[in-house]
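Visitor: I've got the sequence and the structure open, and I'd like to know how the labels people put on such a thing are earned. Can you walk me through it?

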Amino acid sequence: MVAAAVADVVVAVAVAANSTSPGSMSDHQGHQAAEAYVSLPSYGVGLGFRPVHREELFSHRKSIDFLEIIADHYFDPSPPKQAELELLQANFPLIPHGLALSIGSAEGIDARYLSKFRSIVEQVRPAWCSDHIAFTRAGGIDIGHLTPVPKSRASLDVIRDNLRRVQDVIHVPIILENITESIRYPEDEFSDAEFLGRICDDNQVGLLLDVTNLYINSVNHRFDPLEVVQRLPRDRIVQLHFVGGRFEEGLWVDSHDCATQDEIWQLLEAVLAMISVKGIILERDERIPPLAELIPELDRARSIFLASKS
Ligand SMILES: [Fe+2]
């Protein structure tokens, strides 16, 4: 309920924001941005690193092409966390994934968070980094939860201004992830595809398409997920996420706590028949099994990934 209350505040703030300020990229800038994402390295299929798998990683090295790390877990690191980061960096390509840039906050980017995020990026020197199309902070309050932004012109302005602030200090490509939405705002002016497309058109930014989140939203809000993909700027979709979810009381939930279901595999395969991406990450966060149990999922995703490239 706190999140819902804060969301109301932010919607009000966002709607009150000036929605006519200029700033979309020129065609030339847009072309440059698209080229920048197309030329990123192709990593393959990897894992959202969770510390419980630290020892097992090396027994399954051949099944893990790269790792996504939660950037926030290495902010002001203790000596063991710093050592862990250096171990991972020495053995895998790493992609930092932020949880709380809060790119949709009408009050702007938190300078302290941005500074810490920059420190990780400068240490890791990744090919790209990522966060979410969401807000996690409003009115100075950390919500502790990824909250969707209204799909409005005012939100696009907020996201554009915040991205500029981020890109002033983070000099690697950034990609933004679609999240699940338990609510739809009455202020929404755009469809999912229109909103994601406009974020790309307005900014030098790519997309991290979470296939599970897309599936969940498509079922819960009754739209065709492939029609969304069809309408997205394909050369900006850099990376995918996938994991299992749960169907509870008539709704899908992004529980991240079980094996990927057939419906999600089918969507992943259909998406990869339409677009070419640089990497795919399995992100298991709850009821985390031994890594050996996840390897078949990585291998299955790799087969689909490689088939899509042939
Ligand atoms: Fe995700």
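Guide: Let's begin with contacts: two residues are in contact if their C-beta atoms, placed from the backbone, lie within 7 Å. By that rule, residues 24 or more positions apart account for 81% of the contacts in the protein chain with a separation of 6 or more. Keep in mind that this is a predicted model.

Visitor: Since it's predicted, what is the mean pLDDT of the protein chain?

Guide: The mean is 90, and 89% of the residues reach 70 or more. Residues 1-22 are another matter, with pLDDT under 50 throughout. The model does have 36 contacts for that stretch beyond four places in sequence. Still, where pLDDT is low, the predicted coordinates should not be read in detail.

Visitor: Fair enough. How many helices and strands are there in the protein chain?

Guide: You'll find 10 helices and 12 strands. The chain has 310 residues, and 44% of them count as buried.

Visitor: What makes Val 121 count as buried?

Guide: The cut-off for buried is 20 or more other C-beta atoms within 10 Å. Val 121 has 20 C-beta neighbours inside 10 Å, so it counts as buried. You can find Val 121 in helix 4, residues 111-124. Leaving out residues up to four places away in sequence, Val 121 touches Pro 96, Pro 126, Cys 129, Ile 170 and Val 172. Take Ile 170: it is 49 residues from Val 121 in sequence, yet their C-alpha atoms are 7.4 Å apart.

Visitor: And why is Asp 299 called partly exposed?

Guide: Exposed needs 12 or fewer neighbours, buried needs 20 or more, and partly exposed is what lies in between. Asp 299 has 13 C-beta neighbours inside 10 Å, so it counts as partly exposed. Asp 299 lies in helix 10. Its C-alpha is 6.6 Å from that of Ser 63, with the two positions 236 residues apart in sequence.

Visitor: What makes Asp 76 exposed?

Guide: Asp 76 has 8 other C-beta atoms within 10 Å, and therefore counts as exposed. Asp 76 belongs to the loop between strand 2 (67-70) and helix 3 (79-91). There's a backbone detail too: Asp 76 is not a glycine, although its phi is positive, about 45 degrees.

Visitor: Which label does Arg 287 get, buried or exposed?

Guide: Exposed, because Arg 287 has 10 other C-beta atoms within 10 Å. Arg 287 sits in the loop between strand 12 (279-282) and helix 10. Arg 287 also has a positive phi, near 45 degrees, without being glycine.

Visitor: How do you know that the buried residues of helix 9 are on the same side?

Guide: Those residues are Ile 264, Leu 267, Leu 268, Val 271 and Leu 272. They cover an arc of only 130 degrees around the axis, so they sit on the same side of helix 9. The face turned away from that buried side carries the exposed residues Asp 262, Gln 266 and Ala 273. Covering the buried residues are, among others, helix 7 (211-220), helix 8 (225-231), strand 9 (237-242) and helix 10 (291-309). From the helix 7 end of things, Val 211 touches several residues, including Ile 264, Leu 267, Leu 268 and Val 271. Val 211 is also among the residues with the most contacts inside the largest nonpolar core, which has 81 residues.

Visitor: What is the arc for helix 6?

Guide: Helix 6 (residues 192-202) has the buried residues Asp 192, Phe 195, Leu 196, Ile 199 and Cys 200. Their arc is only 135 degrees around the axis, which puts them on the same side of helix 6. They pack against helix 5 (153-169), strand 7 (174-177), strand 8 (206-210), helix 7 and helix 8.

Visitor: Now strands. What makes strand 1 and strand 12 a pair?

Guide: A pair needs at least two bridges. Strand 1 (residues 44-48) and strand 12 run parallel and are joined by 4 bridges, so by the two-bridge rule they pair. Gly 44 stands opposite Gly 279 there. Strand 1 also has 2 bridges to strand 2, again parallel, with Leu 47 partnered by Leu 67.

Visitor: Which way do strand 5 and strand 6 run, parallel or antiparallel?

Guide: Antiparallel, with 3 bridges joining residues 135-138 to residues 141-147. Phe 135 has Thr 147 as its bridge partner. The two strands form a hairpin with 2 residues between them, and Gly 139 in the turn has a positive phi of about 60 degrees.

Definitions and conventions: Residues numbered from 1 in each chain as written. Predicted model: local features only at pLDDT ≥ 70, side-chain atom pairs only at ≥ 80, totals over all residues. Arc of directions from axis to C-beta. Core = buried A, V, L, I, M, F, W, Y, C linked by C-beta atoms within 7 Å. pLDDT = per-residue confidence, 0-100.
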